[in-house]
Amino acid sequence: MADRELRIAAGIVAGGVTLGVAEVVSVLVSPDSTPLQAVGAWIVDHTPDGFREWVIGLVGTNDKLLLFVSMGVVAFVLAGIAGVVERERRPFGSVLFAVFGLLSMLAALGRPNAAWTWALPALLGMIAGILLLRGLIEKITRLDAGAGEDMSVERRQVMRGLLVAGGAALVGGVAGRLIGLRSRDVSAERADVRLPTPSEPEPSVEPGADLRIPGLTPYLTSNSDFYRIDTALTVPQVSKDDWSLRIHGMVDREIRLTYADLAAKTPIERLVTLACVSNPVGGDLISNARWLGYPLKELIEAAGPHPDADMVLSRSVDGFTAGSPLAVLTDGRDAMLAVGMNGEPLPTAHGYPARLVVPGLYGYVSATKWVSELEITRFDRAEAFWTRRGWSAYGPIKTECRIDVPRNHITTPPGKITIAGVAWAQHRGIKGVEIRVDQGDWQPARLAVAPSIDTWVQWSYDWDATASGLHTIWARATDGTGATQTDKQQDVVPDGATGYPSLTVRIG
Ligand SMILES: Nc1nc2c(c(=O)[nH]1)N[C@H]1C(S)=C(S)[C@@H](COP(=O)(O)O)O[C@H]1N2
Ligand SMILES: [Mo]
């Protein structure tokens, strides 16, 4: 049994070669077709919501990195076990490789945009891995059986073979991944895109919209600071020359729009604040940008939606779907097929070449990135990605606010303290924000200029802090219809968190 370690190493190296060969083959197929990517995507799709929330709470947006690292660890442990089993219970080590190869192939073929070729990386990787595993184990078994001087020479040969194969798998795998990603990378194409000019440019953000208070979130979010949420393990790379939008389903005539077709239309440019339903009270999954795009109302009405249709199921190239009320997309608000963000083509992570932006709806029911299809259908016939996972079918944005300054838990001397933050109720607008300190009365805050009812609004309040000790500050917003946000605390599932934001400061 002296060579147990050698057999574990043989299993791990064979596992590495499996993954490495798959990465190399994927250069010719798609970066998303490899076992790690395909199984990873399957896991993301099948993770229970509660667990996902818990993991994201723990590691934040490093969740994808954590997923790959844990998959790698599991793969190598299993491969090591396969090495031992192949010797002791032949051929069950190879069978273990075959089972995982087949599961990876199924996972790859099950991706929404997969072709049959997507099975090839896992298949060829599996074959290479099994051949290597059998060869190595046979060699090591002969070592076990033999004895004497020449065996140490052979042993050294096996070790050298393991190192070479392992090194080659690593180099090949990393190179394959980089080449595969590079050859599909659309950032160069994106840099050359010239955006069309909007009919009436959105007036530049009035200075009064930004109170410029240190620590207060800027009114406009830069593209690099804009929050990002999606289920994509690798950012989809969609060339504008390959992109098209199919409008179909319950329509009089199906329409297919190419990027070139859009050039014949006149875009609008609007300020819209996007918000994620997973944003807890006080959270930062909300950002505000200037979007350039084409009114969805015109695009959809050109297809002639049937009167009994009530849902637009938008689909992304990566299979994500969102279900928006047809009435909301066509009621005259600035719902758009966006191609520009803050004067630039959409960043790839935010949906290049085209995505949806709908004022007043949470992202999960409206803001489909890398959008490729609008299916006109009915809520009682179709279910979107997150609805199937227990989130509400309808996702109107709730009236909420956030306190940005002062920071929670600070200690500060008595005197004038500026309290400031943002408030939002997209497409209803914000009529007022009030502040309460401890058990005092609600006091109106000063609202900044609101360039649009579709964006958040900054607010501030000067608090004369005299009494030393610990104080709690609360805020609440009232929307344009006169409705004040609810004080009932609710978690993000199933349709968005509610409750007054609060923080504590120590005066003294
Ligand atoms: N293709 C695709 N589009 C998507 C998603 C996704 O997972 N895939 N997530 C949605 C969600 S939940 C939100 S909140 C917004 C976030 O958009 P952003 O990343 O540009 O901020 O995108 C929406 N569009
Ligand atoms: Mo979201």
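**Figure 1. The largest pocket of this predicted model has a volume of about 1300 Å³.** Its lining is made up of 46 residues, and those closest to the centre of the pocket are Arg52, Ile56, Asp63, Ile229 and Asp230. Three elements give two or more residues to this lining, namely helix H2 (35-46), helix H3 (49-59) and helix H4 (63-88), and of these H3 gives the most, with eight residues. Sorted by class, the residues around the largest pocket comprise 23 that are nonpolar, 11 that are polar and 12 that are charged. Because domain 1 (3-184) and domain 2 (207-389) both give residues to the lining, the largest pocket lies between these two domains.

**Figure 2. The second largest pocket has a volume of about 910 Å³.** Here 41 residues form the lining, and Asp32, Asn113, Pro236, Val317 and Asp318 are the ones closest to the centre of the second largest pocket. The elements that give two or more residues to this lining are H2 and helix H7 (149-184). The classes are represented by 17 nonpolar, 12 polar and 12 charged residues. Domain 1 (3-184) and domain 2 (207-389) both give residues to the lining of the second largest pocket, so this pocket, too, lies between them.

**Figure 3. The three domains of the chain, and the contact between two of them.** The domain assignment divides the protein chain into domain 1 (3-184), domain 2 (207-389) and domain 3 (400-507). The centres of domain 1 and domain 2, taken over C-alpha atoms, are separated by 38 Å, and the contact takes 18 residues from domain 1 and 14 residues from domain 2.

**Figure 4. The largest cavity, which has a volume of about 110 Å³.** The structure holds one cavity of 30 Å³ or more. The largest cavity is lined by 13 residues, and among these Asn279, Tyr362, Glu400, Trp424 and Ala497 lie nearest to its centre. Eight nonpolar, three polar and two charged residues make up the lining of the largest cavity when it is sorted by class. At least three lining residues come from each of domain 2 (207-389) and domain 3 (400-507).

**Figure 5. An open sheet of four strands, in the order E11-E13-E17-E16.** The pairing within this sheet is antiparallel, and its edge strands are strand E11 (400-405) and strand E16 (446-447), each of which pairs on one side only. Strands of a sheet pair through backbone hydrogen bonds, and the pairing may be either parallel or antiparallel. Within the sheet shown here, E13 and strand E17 (residues 457-465) run antiparallel and are joined by nine bridges. As a place to begin when following this pair of strands in the structure, the reader may take Ala420, which stands opposite Ser460 in E17.

**Figure 6. Two cis peptide bonds, at Pro91 and at Pro353.** The peptide bond that joins Arg90 and Pro91 is cis, with an omega of about 5 degrees, and Pro91 lies in the loop between H4 and helix H5 (92-109). Another cis peptide bond joins Tyr352 and Pro353, where omega is about 5 degrees. Pro353 is found in the loop between strand E8 (344-345) and strand E9 (355-357).

**Figure 7. Two residues with positive phi, Asn342 and His427.** Asn342, although it is not a glycine, has a positive phi of about 55 degrees, and this residue lies in the loop between strand E7 (336-341) and E8. With a relative accessible area of 21%, Asn342 is partly exposed, because this class covers values between the limit for buried residues, under 20%, and the limit for exposed residues, over 50%. His427, likewise a residue other than glycine, has a positive phi near 75 degrees, and it lies in the loop between strand E13 (415-424) and strand E14 (430-437). The relative accessibility of His427 is 26%, so His427 counts as partly exposed.

Key
Residues numbered from 1 in each chain as written. Chains lettered and ligands numbered in written order. Predicted model: local features only at pLDDT ≥ 70, side-chain atom pairs only at ≥ 80, totals over all residues. Heavy atoms only, no water. 1 Å grid on protein atoms, 1.4 Å probe; cavity = no way out; pocket = protein on both sides within 12 Å on 5 of 7 lines; lining within 4 Å. Points joined across faces, edges and corners; volume = space filled by probe spheres on them. Nonpolar A, V, L, I, M, F, W, Y, C, P; charged D, E, K, R; others polar. Domains from an automatic or database assignment. Buried < 20%, exposed > 50% of the residue type's maximum accessible area, 1.4 Å probe, protein only. Pairing = 2+ DSSP bridges. Contact = heavy atoms within 4.5 Å.
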